[in-house]
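Trainee: I would like a close look at one part of this model, and then at the helix contacts and backbone features elsewhere in the chain. Please take them in order.

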Amino acid sequence: MDLGPLNICEEMTILHGGFLLAEQLFRPKALAELTKSDWEHVGRPIVEALREISSATACSQPFAWKKKALIITWAKVLQPYPVTPSDTEARWQEDVFFSVGSMIPAINHTVLFELLKSLEASRLFIQLLLALPATVCRAELERFLEHMAVDTSSKDVAFFLDVWWEMMKHEDDQQDPLLSQFRSVAHKYLSSSDEFSHPPKRFKSDPDVCPTTPLLAMLLAGLKQIQSRILCPGMKCCALANLADMLTVFALTGDDPQEVSATVYLDKLATVISVWNSDIQNPYHQQALAEKVREAERDISLTSLARLPSETTFVGFEFLLSLLRDWGEELQAMLSSGQGPSYDSYRLCDSLTSFSQNLKLFLATSSLSKEERQEVSKLAECVGDFLKNTSRVLGKKGFEKDIAASIAMAIIEQKMDRHMEMCYIFASERKWAFSDAWLACLVNNRALFQEPGLVLKLLETVTDVGTADRAVTEAQIKQVIDLTLECYAHLSLPDKNKVLSGVLLSWGRKGLSEKLLAHLEGFQEDLNTTFNQLAQSTSEQGLAKAVASVARLVILHPEVTVKKVCSMAVVNLGTHRFLAQILTAFPALRFAEEQGPNPSTSFVVSCLKETVWTKFSTPREEKQFLELLSCLASPVKPQGIPVAALLEPDEVLKEFVLPFLMLDVTEVALSLRIFIQTLEAHACLEDYWLQTCSPFPLIFSLCQLLDGFSKYWQLPREKRCLPLDGKDLVIHILELLYEAVLANAETFSPDAWVRSLSWLHRKLEQLDWTVGLRLKSFFEGHFKCEVPATLFEICKLSEDEWTSQAHPGYGPGTGLLAWMESCCTSRGNSERMLALLVVDVGNPEEVRLFSKGFLVALVQVMPWCSPQEWQCLNQLTRRLLEKQLLHVPYSLEYIQFVPLLNLKPFAQELQLSVLWLRAFQFLCSQSCRNWLPMEGWSHVVRLLCNSLTSLLDSVRLTQSVGPWAQGQEQDLTQEALFFYTQVFCHVLHIMAMLHQEVCEPLYVLALEILTCYETLSKTHPSVSSLLQKVNEQRFLKSIAENITPEERRQTLLQKISSF
């Protein structure tokens, strides 16, 4: 059957035959003269023809063909007469209805209206009526009402009420080509006919104008005309329900009515269909459930695009009050008769209930005159009384068992209106879950459930029902879990994160395993297999697949999965970046657990702390952990996969740094590395993130750590978890931190800034004074720098910047010690203190006393110096020698003959070597030798070796490219050889004073000095005579003879012998 072009076909032939038979029955009169009373005798062939067509096409589209036949019939009625030859020619070319319309004899509106009534085609009638141009539409409805008012029968009343009801339920179908053709032809007929006054030249549809409201007013007038012919209680119920619904939807409801919730919507559908099922007179009683649902959806989904005029509204109020007074007692008696409610009686009570609620709101919010308010109040009281006497009757009705479930599933299966909302109810309703119908619906419509909210609802349902005491089989639970996980697998990554977030919020770190562990067979095997594959393939090409694999595991058991990733990232070499990319694809993992000792700690941080933190077995694992933190805090964005940081910098500091900034904590060294990494990585962030992690307490924690170094060698070995070399890193972090805080001082209010500085200043009073000196620039303008009073004795300190403070341990004569400690803090402070130093170079005695005091202070300071602080002291010592403030006499204890050499280019290096020797002689003396533990001696030896290595480099540079190395007569080879000899002696002298356990670095240095001596000798063989070389060799051997143990002595002697 072709429902497209309006051509002559088998169905059209049947319709033609029906009209011909009717025409024969009515002869000699023409069908155009048919009256209402003639229809029963004449109209039967037409009705039977249409029923035959509908029956023959029942397997295809009977409703569509019925619509097509009625369109052809109505077009024939609208066709203007008489027809001229020129009209015929034009219509043959332009009118799509011409060929089929020519097969139907001339007919009038009576034939059309009676045919519609006989077919009970109220819905089609409204569809076709509202497809007409507004002028034609109103004229056609006026004819219909006139037709209904003549010889009104009960069938007329029923059809009128159905038409009225259908008009309120109508939804425009702009896509229907048949309606569009009908509308177009009606326009053409309109333009060529004088029947309609002032027809528009061209129809323009206005989406803002709804033609329904004037038509409803006409229907209201039509109701008044046939009121006396409404006799049976069912029709009275229908008439009152129509009027109440019209007033509610088109007069009382606001311009933007709120859609009822899906639960209420389903409840209404269930009520309507339950009533239909119990009302055998209802036309939908025998229909399939899907058809019932479709029609019930139309009944309960009335919407208005425009409001009735105020005049029409009050006419409606008055008429409704009149009808209730006339029919109320009769209808109340019928409803109280004990019979089951019919759909008409249900509609009446439901419509009046809704009307009553909206009328009360109308009274409360509308500006009404006194007379209007009285009229509306009377109506409200009358409706209230009627409902009071009928509510008990409707209260006895009940749903059929599981009807709501069947309706919801029908809506889902057929994808009807609001079917996605039904999916949410379906997934949430525990009573329906796991029935055969429920399982079948889920299996057949799984594609609809591929939404994060639905996946979560299904998971909640399966966990609740699966753990409840119900007769649900293991196989059913497994089937639903698998289906739900399949839906989850089809989600996009952002949607998977929504599900994961919901899982974590509902079930915490255990995820689904908390409730469904018994039903998750093979999880551990899947976990191991997945991560074995991940360990073997860490390419970016496989990242998407890896993320998908982990996505399934992480909702089943988030804790186990994330801990597995953390562990692998630290233990498996080179996997940390790839695994971090996988984790950062799940920003949902960044959530704070509500339970636990620290509720503010995020889930990922907890997993890191519980799995790998404090459990590193190698430096490589520590390095991978550092890089893992970096990747989690600043993820690299791979192509095609959205990622987000799982760690914030302030969180890293609070969890992995701040609690561990103490010398006696094993993790202090790693925490400092994390600290510097975090500061440097996030230095360019626009937001001042340090503000969120309390920067002043953070500064104080670093200051406390520095203070611990001032008593470093007094601490027990187990309390010294950070080597003294780590002090330089602490100082560097402190400088970065307070510079960042100073740069963002404007983020504090002036009062808060001053209070914070005051708090920190008070706290620093408990610590060593040198710690506060490092923060001098931080406190500038607010507090003076507090130093021992003895420092004022040897320095010109301005009282505007400096203030003296009594410090224990800094009695008379300790000014130089305080000065040297100040110089250690930084190169800038060293230059500043040197400039402020008061020593009279012209007074030999003063220089001699300063030099002695300098050596004593050096011995007191050196063991507690970090490498950078010792380097500061080295530079300071050179500057003092240059300014001749420091006198270091060079003794002749390691020469046999006075050398006739130019030692001036190496004078400073020789003086420094002697100074270190004197310092170690002092340090190893009886009064000082018990100051340090063995690790302390090892530390000072490393500092000495660094200094001596620097001297060797300096000599090599001077000997090769210095200003003296310009010509043969100024060659410095002998001078350099002499320097190597002297330093070798000094090193061996120091080795002789020290414990053998700490001498290994000095022994290696001695070998390096001999290598330098040998290389230079061979490079310049003619510099020394053979006798001189032999004497020097014998001299070096005599010095080396005193070294223990035997292995070192023999190695040194062998090295010297090879010269």
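Which helices each supply at least two residues of the lining of the largest cavity?

Mentor: The model is a predicted one. Two helices each supply at least two residues of that lining: α31, residues 619–633, and α33, residues 668–681. Of these, α33 gives the most, with 4 residues. The full lining consists of Leu629, Ser630, Ala633, Ser634, Val652, Ile674, Gln677, Thr678, Ala681 and His682. By class, that lining has 5 nonpolar residues, 5 polar residues and no charged ones. The volume enclosed is about 70 Å³. This cavity is the largest in a model where the count comes to 4 cavities of 30 Å³ or more. As background, rolling a probe the size of a water molecule over the atoms shows where empty space is left.

Next, the helix contacts. Helix α8, residues 122–131, packs on helix α10, residues 154–169, at an angle of about 55°, and the two axes are 8 Å apart. That angle makes α8 oblique to α10. The crossing in which α8 passes α10 is right-handed. On the α8 side the contact is made by Ser122, Arg123, Phe125, Ile126 and Leu129, and on the α10 side by Phe159, Asp162, Val163, Glu166 and Met167. Sorted by class, the contact of α8 with α10 has 6 nonpolar residues, 1 polar residue and 3 charged residues.

A second pair is formed by helix α46, residues 973–993, and helix α48, residues 1026–1040, whose axes come within 10 Å and cross at roughly 15°. An angle under 35 degrees counts as roughly parallel, so α46 is roughly parallel to α48. The crossing of α46 and α48 is left-handed. Here α46 contributes Gln974, Thr981, Phe984, Cys985 and Leu988 to the contact, while α48 contributes Gln1028, Phe1035, Leu1036, Ile1039 and Ala1040. The contact of α46 with α48 has 7 nonpolar residues, 3 polar residues and no charged residues.

The third pair is helix α14, residues 262–278, with helix α17, residues 343–365, packed at an angle of about 150° with axes 9 Å apart. Angles over 145 degrees count as roughly antiparallel, and α14 and α17 are therefore roughly antiparallel to each other. Lys268, Thr271, Val272, Val275 and Trp276 of α14 make the contact with Tyr343, Tyr346 and Asp350 of α17. In the contact of α14 with α17 there are 5 nonpolar residues, 1 polar residue and 2 charged residues.

That leaves the backbone. Most residues other than glycine have a negative phi, and most peptide bonds are trans. Against that background, three places deserve a mention. The peptide bond from Arg27 to Pro28 is cis, with omega near 10°. Pro28 sits in the loop between α1, residues 10–26, and α2, residues 39–42. Thr1044 and Pro1045 are also joined by a cis peptide bond, with omega about 0°. The loop that holds Pro1045 runs between α48 and α49, the latter spanning residues 1046–1057. Finally, Phe434 is not a glycine, yet its phi is positive, at about 75°. Phe434 is placed in the loop between α20, residues 419–428, and α21, residues 436–444.

Conventions:
Residues are numbered from 1 along each chain as its sequence is written. This is a predicted model: local features need pLDDT of at least 70, side-chain atom pairs count only at pLDDT 80 or more; totals for chains, interfaces and linings use all residues. Side-chain values use heavy atoms; hydrogens and water are left out. On a 1 Å grid over the protein atoms alone, a cavity is a set of points where a 1.4 Å probe fits but cannot get out, and a pocket is an open set with protein on both sides within 12 Å along at least five of seven lines; lining residues have an atom within 4 Å of a point. Grid points are joined across faces, edges and corners, and a volume is the space filled by probe spheres set on the points. Ala, Val, Leu, Ile, Met, Phe, Trp, Tyr, Cys and Pro count as nonpolar, Asp, Glu, Lys and Arg as charged, and the others, Gly among them, as polar. Axes are lines fitted to C-alpha atoms, for helices over the stretch in contact, and angles run from 0 to 180 degrees between N-to-C directions. Angles under 35 degrees count as roughly parallel, over 145 as roughly antiparallel, 65 to 115 as roughly perpendicular and the rest as oblique. A crossing is left-handed if the near helix is turned anticlockwise from the far one by less than a right angle, and right-handed if clockwise. Contact means heavy atoms within 4.5 Å.
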